[in-house]
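Work through the following exercises on aromatic rings with the sequence and the structure beside you. Try each task before you read its solution.

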Amino acid sequence: MTSDATPLTSCATPVAADGKPLLTVDDCEQLSTSQVHELYRSHVNKSQVSLMTSFGFGRELVDHAEGSWIHTRDGRRILDFTGGVGVLNHGHNHPRILAARRRFQEQRRMEVHKTYFSPYVAALGHNLARLLPGDLNLSFFPNSGAEAVEGAVKLAYKYHGGRRQQILHADISFHGKLLGSGSLTGSAQNAFAFPGIPGVSAFRYGDLDSVREAVAGARDAKGRCDVYAILIEPFSASTMTECSEEFLRGLRELCTEEKIVLIFDEIYTGWGKTGSLFHFMRYPGLVPDVVTTSKSFGGGKSSISAFVAREPVFRKAYDSLGDAMLQSTSTTYYGFGEETATALEAVNVAVEDDYPARARAIERVLAPGLDRLRKQYPDIIADVRGAGALYGIFLDGGPRILDLAAKIAPGGLARDPLLRTKVITCAVVNAMYHDHDVYMYYTLNGRSPLVAAPSLVAGPDEVEIFLDAFDRTLAKGMNRLLTAFFKDKAVSRWAA
């Protein structure tokens, strides 16, 4: 027996059944970049190495990160202008979130047990109900955004008792890559036809007449509406397109008339990213039946998501002894303590520090700066769209020889009709990182915009650093940027 204050430790190197050593956390911290690449090739995904080493950040390892900055092992200080692809509204390693997790661990709180009530789950559900409008009062907490989407869809189907068989989504949507959420994703990221849920149809994003036509065409044999849910992103973060207020209110009215469950996917845009707590909340009185959230919900440290439902919808679906276990407590990790404690603190930080106002402050510097560069470089920047701290930059131009670039294009880009755009954008991403220590990304959906989406802890000085670096990058001209990118790609392939 050992004291609960004295954990068992071992100095021996762990080994597998064949006697070969297993790697430890200490070993991870000593691995070289080439060793990590080789482990990925052998045990994760060989093609991922080829793709990511197209850029400088694929050939470096991170030592630590804080706020909007990444510090690599070789001493570089990189401005992270990706915002963790929506995860890092709070920046890297926010001190309050670290403290909350440390306190949870030091006090040896119970991590997982679905049959004990969790004060953290209870408090998190309470806070979401207080912050969201209307009677969006009941929450469920899965692990990922795709799971939240699938939980919301499952709720809608159960709400109608399985009597309705069709669900509608937008043609440019991105809702995840699981079999269910993937079948509700209308973007170009679905290059392979996996099986999905039945009864799925698409409408044109932002086109209310298209939705009405789809609903009118979805009738059962008795002429009754057969649509159980409509799923929409009020702001599409992968295409930098947003629904108009008129469209969203019209959608709400249509769903109310036809008793369709209206689901807003705010997985990326929740917690202040576009300048309101959730994007739809800029329109007073507009309330969906279900809203999903994830990404920054966990403060950059916790893999957690939520779907929050209007009380009548949730209660009709699950509020009975026979149905309670269908959703509310039936997953292995339901009640997971540290994740919900982390989300609780992340939400409170976003509210106390007024993250929507922070996003609007970023917008006041970022939006006019990008507009100035669009006018200054009209042959390269075709368009700029966005809101708050989430902007898409649509690049254009480049020599015609790009049409022959398939030989060096990573992965399936050679068959992509947007190959030219993506190669141009890759060249800019590479130059920003290699020459100016600014980390960016581009989306694989829509017209593949370059994304400027800093964490909400970024200040105006950091936005100006980005704008200056972007200006100096574009000033080189597309031919020089492409030449440098192709040369760098060729060197990285030779080194691999």
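**Exercise 1: a charge over a ring**

Find the ring over which the charged end of Arg77 sits.

Solution. The charged end of Arg77 sits over the ring of Trp69, 3.6 Å from its centre; a charge counts as sitting over a ring if NZ of Lys or CZ of Arg is within 6 Å of the ring centre and within 35 degrees of the ring normal. This is a predicted model, in which local features need pLDDT of at least 70 and side-chain atom pairs count only at pLDDT 80 or more, while totals for chains, interfaces and linings use all residues. Residues are numbered from 1 along each chain as its sequence is written, and side-chain values use heavy atoms, with hydrogens and water left out.

**Exercise 2: a pair of rings**

Classify the aromatic pair that Phe57 and Tyr433 form, and explain what the pair ties together.

Solution. Begin with the definition: rings of Phe, Tyr and Trp (its six-membered ring) pair if their centres lie within 6.5 Å, and planes under 30 degrees apart count as stacked, over 60 as edge-to-face and the rest as tilted. A search of the whole structure finds 15 such pairs. For Phe57 and Tyr433, the centres are 5.4 Å apart with 85° between the planes, and the pair is edge-to-face. Next, Phe57 lies in the loop between α3 (46-52) and β1 (62-66) and Tyr433 in helix α13 (residues 419-436), so the pair ties together parts that are 376 residues apart in sequence; helices (H or I, at least four residues) and strands (E, at least two) are DSSP runs, numbered from the N terminus. Finally, the charged end of Arg76 sits over the ring of Tyr433, 4.7 Å from its centre.
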